[in-house]
Amino acid sequence: QVQLVESGGGLVQPGGSLRLSCAASGLTFSSYTMAWFRQAPGKEREFVAGINWNGGRTDYTGSVKGRFTISRDNAKDTVYLQMNSLKPEDTALYYCTAGRSLSLRANQYWGQGTRVTVSS
């Protein structure tokens, strides 16, 4: 049974930083593309960042480029999202996904999400 467990969310002031983690189990982690999606209140779920199996390819949605960094540690079956210079519009429930696809937006499996609130 595949499980993706996110952690690291919380309340942060504008301009601050957070690092989200997603621990995976029940799958051969190094064979999967991993990604982060988010859903803000009243909005559609959107792609944030994706990373291929060995970290050699990454992709980001335009609004987070230069501020967010996705990375992975295949030895720990964990993917990370380092979020810097956070803005109120980054407030959302952040989901970790995994998928067997060349697309960096692969999302066959989903975690339960971790909430990020950016507010002063």
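Strands β5 and β6 (residues 58-60) pair antiparallel over three bridges in this predicted model. On β5's other pairing, five bridges join it to β4, again in the antiparallel sense. Beyond these strands, there's a buried arginine to look at, R38, plus a nonpolar core of 29 residues and one disulfide.

**Strands β4, β5 and β6**

- β5 and β6 make a hairpin with six residues between them, and G55 in that turn has a positive phi of about 80°.
- The hairpin of β4 and β5 also has six residues between its strands, and here G42 takes a positive phi near 75°.
- A49 is a handy residue for tracing the pairing: A49 in β5 is the bridge partner of W36, and Y60 in β6 is the bridge partner of A49.
- β5 is mostly covered, with five of its six residues buried.

**R38 and its surroundings**

- R38 sits in strand β4, which spans residues 33-39.
- With a relative accessible area of 5%, R38 falls under the 20% cut-off, so it counts as buried.
- The R38 side chain makes a polar contact of 3.0 Å with the side chain of D90, and another of 3.4 Å with the side chain of S63.
- Leaving aside residues up to four places away in sequence, R38 touches a mixed set of neighbours, including E44, R45, E46, V48, F68, E89 and Y94.

**The nonpolar core**

- The largest nonpolar core has 29 residues, and M34, W36, V79, L81, M83 and Y94 touch the most other members.
- Elements giving two or more residues to this core are β3 (18-25), β4, β5 (46-51), β7 (68-73), β8 (78-83), β9 (92-99) and β11 (114-118).
- Two residues from the topics above turn up again here: W36, the bridge partner of A49, and Y94, a contact of R38, are both among the core residues that touch the most other members.

**The disulfide**

- A search of the whole structure turns up one disulfide, and it joins C22 to C96 with an S to S distance of 2.1 Å.
- C22 lies in strand β3 and C96 in strand β9, so the pair ties together parts that are 74 residues apart in sequence.
- The torsion about the S-S bond of C22 and C96 is about -75°, so this disulfide is left-handed.
- Both ends are buried: C22 has a relative accessible area of 0%, and C96 likewise comes out at 0%.

Conventions: Residues are numbered from 1 along each chain as its sequence is written. This is a predicted model: local features need pLDDT of at least 70, side-chain atom pairs count only at pLDDT 80 or more; totals for chains, interfaces and linings use all residues. Side-chain values use heavy atoms; hydrogens and water are left out. Helices (H or I, at least four residues) and strands (E, at least two) are DSSP runs, numbered from the N terminus. Buried means under 20% relative accessible area, exposed over 50%, partly exposed in between (1.4 Å probe, protein chains only). A polar contact is a pair of N or O atoms within 3.5 Å; within protein, one must be able to donate a hydrogen and the other to accept it, and residues adjacent in sequence count only if both atoms are side-chain atoms. Contact means heavy atoms within 4.5 Å. A nonpolar core is a set of buried Ala, Val, Leu, Ile, Met, Phe, Trp, Tyr and Cys residues joined through side-chain atoms within 4.5 Å. A disulfide is a pair of cysteine sulfur atoms within 2.5 Å. Two strands pair if DSSP finds at least two bridges between them.
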